[in-house]
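Biologist: I have not looked at this one before, so could you walk me through a few parts of it?
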Amino acid sequence: MTRKPLMAGNWKMNLDHFEATSLVQKLAWALADADYDSEKSECVVLTPFTDIRSVQTLIESDKLPLGFGAQDVSAHDSGAYTGEVSATMLQKLNCSYVTVGHSERREYHAETDEIVNAKSRKVIEAGMTPIVCVGEGLDIRKEGRQVEYTVAQVEGAFAGWSAEEVAQVVVAYEPVWAIGTGEVATPEDAQEVCAAIRASLGSSFGADVADTVRVLYGGSVKASNVKEIMAQPDVDGALVGGASLKAEDFTPIVTFY
Ligand code: PEP
């Protein structure tokens, strides 16, 4: 099975809605200039909640070859959860993807594997795709326990799920020590853990699921290193933070092929 590469830009808490539409326009122009072929890679922007409506309007009215989504979601359907945004609300804005369990949410908002599991399920139930983030910190990496740690996060994220449900997710392997630091895992480091994630999905949910699910790498991906990372057989795309905030930086990543 060929898995279409997914290049997803995680804008984090950057860009108001004016800046967001400006970036989307510039990105669309830059991709057109670079002869971007949406058959060869899928390009998605994951924006702050407040940008989604403006980005949706622009992408849909101009039929731009871009997907969009959110960076978090509530684990609840509705009700007294002040400040939260439900999966159904995001689906009604036509989001296709939602990041769940980013390391910044795990660290600053105490998100556990159980919360990641519950949120990801809400995303699936609403007909969208969760991009489930996993990855070890520097202490775990120094102890050489990156595979067991990350695989345990994957097992926790999908505990109690059916193979049909898991087949619909994207997993992003993001070693925490490589996020926003300029430190990049070597292509071999990325391959080692991405392959272990795929093997774990295979043993829990079957070979078809392992073959279908896209496993992304994230952590200081840029134009200068994207090709060697994408050359790894178990890396199916990239989750990109800093380099997704400028069209001229993100375009060569999206058109890495
Ligand atoms: C991220 O935010 O998920 C990320 C990978 O950031 P950066 O590319 O800046 O390391």
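Modeller: We can go through a strand and its partners, then a pair of helices, and then two loop residues, bearing in mind that this is a predicted model.

Biologist: Let's start with strand β8, then; which residues lie on its two sides, and are they buried or exposed?
Modeller: Strand β8 covers residues 237–240, with Gly237 and Leu239 on one side and Ala238 and Val240 on the other, and all of these are buried, so both faces of the strand are covered. That arrangement follows a general pattern, in which the side chains of a regular strand alternate between the two faces of the sheet.

Biologist: Which way does β1 run relative to β8, and how many bridges join them?
Modeller: Strand β1, which spans residues 6–10, runs parallel to β8 and is joined to it by four bridges. One place to look is alanine 8, whose bridge partner in β8 is leucine 239.

Biologist: And what about β7 and β8?
Modeller: Strand β7, residues 214–218, is also parallel to β8, and two bridges join them. Here tyrosine 217 stands opposite alanine 238 in β8.

Biologist: Switching to helices, how do α1 and α12 pack?
Modeller: Helix α1 (residues 17–33) and helix α12 (residues 247–254) pack at an angle of about 45°, and their axes are 9 Å apart. The two helices are therefore oblique to each other, and α1 passes α12 in a right-handed crossing.

Biologist: Which residues meet there?
Modeller: From α1 the residues are Leu23, Lys26, Leu27, Ala30 and Leu31, and they meet Ala247, Glu248, Phe250, Thr251 and Val254 in α12. Sorted by class, this contact of α1 with α12 has seven nonpolar residues, one polar residue and two charged residues.

Biologist: Now the loops: what is phi for leucine 15?
Modeller: Leucine 15 has a phi near 80°, which is a positive value in a residue other than glycine. As background, most residues other than glycine have a negative phi. Leucine 15 sits in the loop between β1 and α1.

Biologist: Is leucine 15 buried or exposed, and why?
Modeller: Leucine 15 is buried, because 20 other C-beta atoms lie within 10 Å, and 20 or more is the cut-off for calling a residue buried.

Biologist: Where is alanine 110, and what is its phi?
Modeller: Alanine 110 lies in the loop between α4 (103–108) and α5 (113–125), and it has a positive phi of about 55° although it is not a glycine. Alanine 110 is exposed, because it has 8 other C-beta atoms within 10 Å, and the cut-off for exposed is 12 or fewer.

Methods:
Residues are numbered from 1 along each chain as its sequence is written. This is a predicted model: local features need pLDDT of at least 70, side-chain atom pairs count only at pLDDT 80 or more; totals for chains, interfaces and linings use all residues. Two strands pair if DSSP finds at least two bridges between them. Axes are lines fitted to C-alpha atoms, for helices over the stretch in contact, and angles run from 0 to 180 degrees between N-to-C directions. Angles under 35 degrees count as roughly parallel, over 145 as roughly antiparallel, 65 to 115 as roughly perpendicular and the rest as oblique. A crossing is left-handed if the near helix is turned anticlockwise from the far one by less than a right angle, and right-handed if clockwise. Two residues are in contact if their C-beta atoms, placed from the backbone, lie within 7 Å. Ala, Val, Leu, Ile, Met, Phe, Trp, Tyr, Cys and Pro count as nonpolar, Asp, Glu, Lys and Arg as charged, and the others, Gly among them, as polar.
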